[in-house]
Amino acid sequence: MFICRIEELVKNSGLKKGFIADRLGVSVKQFRNYETGHSLIPIDKAFLLAGLLGCKVDDLYKFR
């Protein structure tokens, strides 16, 4: 089971969701789906997001 950590990482980064969504080329609604785990983030966007958040792609999800 994967636990999404994107919301936590975004909150800690201080970046605005609209800014991140724009950089990823998705709507804020779609980005919210990534944050809540309703949609898995595509790998290309995961690398972009990790770069924005200053973390590794592995940090976006936790396996339990």
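Contact here means heavy atoms within 4.5 Å. Helices (H or I, at least four residues) and strands (E, at least two) are DSSP runs, numbered from the N terminus.

The model is predicted: local features need pLDDT of at least 70, side-chain atom pairs count only at pLDDT 80 or more, and totals for chains, interfaces and linings use all residues. Residues are numbered from 1 along each chain as its sequence is written, and side-chain values use heavy atoms, with hydrogens and water left out.

**Exercise 1. Work out how H2 meets H3.**

Step 1. List the residues in contact. From H2 come Lys17, Gly18, Ile20, Ala21 and Leu24. They meet Val28, Phe31, Arg32 and Glu35 in H3.

Step 2. Sort them by class. Ala, Val, Leu, Ile, Met, Phe, Trp, Tyr, Cys and Pro count as nonpolar, Asp, Glu, Lys and Arg as charged, and the others, Gly among them, as polar. The contact of H2 with H3 has five nonpolar, one polar and three charged residues.

Step 3. Take the geometry. Axes are lines fitted to C-alpha atoms, for helices over the stretch in contact, and angles run from 0 to 180 degrees between N-to-C directions. The axes of H2 and H3 come within 9 Å and cross at roughly 100°.

Step 4. Name the arrangement. Angles under 35 degrees count as roughly parallel, over 145 as roughly antiparallel, 65 to 115 as roughly perpendicular and the rest as oblique. H2 is therefore roughly perpendicular to H3.

**Exercise 2. Find the buried side of H2 and what covers it.**

Step 1. Apply the cut-offs. Buried means under 20% relative accessible area, exposed over 50%, partly exposed in between (1.4 Å probe, protein chains only). In H2, residues 17-24, the buried residues are Ile20, Ala21 and Leu24.

Step 2. Check their directions. The arc is that of the directions from the helix axis to the C-beta atoms. These residues span an arc of only 100°, so they sit on the same side of H2.

Step 3. Look for the cover. It includes helix H1 (6-13), helix H3 (28-36) and helix H4 (43-53).

Step 4. Inspect the end. Gly25, just after H2, takes a positive phi of about 75°.

**Exercise 3. Repeat the analysis for H1, then pack H1 on H3.**

Step 1. Pick out the buried residues. In H1 they are Ile6, Leu9 and Val10. Their arc around the axis is only 100°, so they lie on the same side of H1.

Step 2. Turn to the other face. Away from the buried side, H1 carries the exposed residues Lys11 and Asn12.

Step 3. Identify the cover. S1, H2, H3, H4 and S2 are included in what covers the buried residues of H1.

Step 4. Inspect the end. Just after H1, Gly14 has a positive phi of about 80°.

Step 5. Pack the helices. The axes of H1 and H3 are 7 Å apart, at an angle of about 115°. The two helices are therefore roughly perpendicular to each other.

Step 6. Read the contact. Ile6, Glu7 and Val10 in H1 meet Phe31, Arg32, Tyr34 and Glu35 in H3. By class, that contact has four nonpolar, no polar and three charged residues.

**Exercise 4. Trace the aromatic pairs.**

Step 1. Set the rule. Rings of Phe, Tyr and Trp (its six-membered ring) pair if their centres lie within 6.5 Å; planes under 30 degrees apart count as stacked, over 60 as edge-to-face and the rest as tilted. The count comes to two aromatic pairs.

Step 2. Take Phe2 with Tyr61. This pair is edge-to-face, 6.4 Å centre to centre with 80° between the planes. Phe2 is in strand S1 and Tyr61 in strand S2 (residues 61-63), 59 residues apart.

Step 3. Take Phe2 with Phe63. The ring centres are 5.3 Å apart and the planes stand at 65°, so this pair is edge-to-face too. Phe2 lies in S1 and Phe63 in S2, so the pair ties together parts 61 residues apart in sequence.

Step 4. Join them. Phe2, Tyr61 and Phe63 form one aromatic cluster.

Step 5. Check exposure. Phe2 is exposed, at 58% relative accessible area. Phe63 is exposed as well, at 62%.

**Exercise 5. Place Met1.**

Step 1. Locate the residue. Met1 lies in the segment before strand S1 (2-4). Its relative accessibility is 62%, so Met1 counts as exposed.

Step 2. Find its partners. Leaving aside neighbours within four places in sequence, Met1 contacts Lys62, Phe63 and Arg64.

Step 3. Compare sequence with space. Met1 and Phe63 are 62 residues apart along the chain, yet their C-alpha atoms are separated by 5.8 Å.
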